[in-house]
Amino acid sequence: LANFAKEYNTLLDELAKTKARITILSPLLQENKGAPLPDPAATNKNILMYCAKVKEIAEKRGLRYADLNTLVGEPKGFTDNGVHLVEQGYRQTAGLFMQALGLGKDQAYSE
C-alpha cells in the first residue's frame, strides 16, 4: 500500500503539470456472481483499503474524489463476470457517476 501511494502521488505530480482539473473516481466493488466464479469478498476488502488511501491522497491534494461505492453499494446485476459492466450496469450506474461528480443526471460537464 505504501508503494502504491508513492507511485500514485508520482502519477498525480505528472498530471498536475498539465494544469488539467482532476477528479478521481473510485473503482466499483466486484459483484458476487456465484459459483463457478470466486467469491470477491477478499478482493473487495482490498479494493476498499486502496479506495481509502486514494481518498486520503485526493483530500491532501485538494482534488475531487467521488466514491462510487457509497452510491452504488453492493452491485447486483451490473456485470457479466463480476468486474466488467454490461449495458444494464452502465444504465444503472450512469446517473450515479454524474451524482458522484456533483452533477445532475442529465447535466453535461461543461466547467
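Modeller: A salt bridge here is a side-chain nitrogen of Lys or Arg within 4 Å of a carboxyl oxygen of Asp or Glu. By this rule, the count comes to seven salt bridges. Keep in mind that this is a predicted model.

Colleague: What makes Asp 13 and Arg 61 a salt bridge?

Modeller: Their closest N and O atoms are 2.5 Å apart, and the cut-off is 4 Å, so the pair qualifies. Asp 13 lies in helix 1 and Arg 61 in helix 2, so this pair ties together parts that are 48 residues apart in sequence.

Colleague: Why is Asp 13 called partly exposed?

Modeller: Its relative accessible area is 40%. Partly exposed covers values between buried, under 20%, and exposed, over 50%, so Asp 13 fits that label.

Colleague: And why does Lys 60 count as exposed?

Modeller: Lys 60 has a relative accessible area of 68%, and exposed means over 50%, so the label follows. Glu 56, at 33%, counts as partly exposed. These two form a salt bridge, with closest N and O atoms 3.4 Å apart, and both lie in helix 2, about one turn of the helix apart. Salt bridges that share partners join Lys 53, Glu 56 and Lys 60 into one network.

Colleague: Which residues make up the largest nonpolar core?

Modeller: There are twelve residues in all, including Tyr 8, Ile 24, Val 54 and Ile 57. Helix 2 gives the largest share, five residues.

Colleague: How do you know what Tyr 8 is in contact with?

Modeller: Contact means heavy atoms within 4.5 Å. Leaving aside neighbours within four places in sequence, Tyr 8 is in contact with Ile 24, Val 54 and Ile 57.

Conventions: Residues are numbered from 1 along each chain as its sequence is written. This is a predicted model: local features need pLDDT of at least 70, side-chain atom pairs count only at pLDDT 80 or more; totals for chains, interfaces and linings use all residues. Side-chain values use heavy atoms; hydrogens and water are left out. A nonpolar core is a set of buried Ala, Val, Leu, Ile, Met, Phe, Trp, Tyr and Cys residues joined through side-chain atoms within 4.5 Å. Buried means under 20% relative accessible area, exposed over 50%, partly exposed in between (1.4 Å probe, protein chains only). Helices (H or I, at least four residues) and strands (E, at least two) are DSSP runs, numbered from the N terminus.
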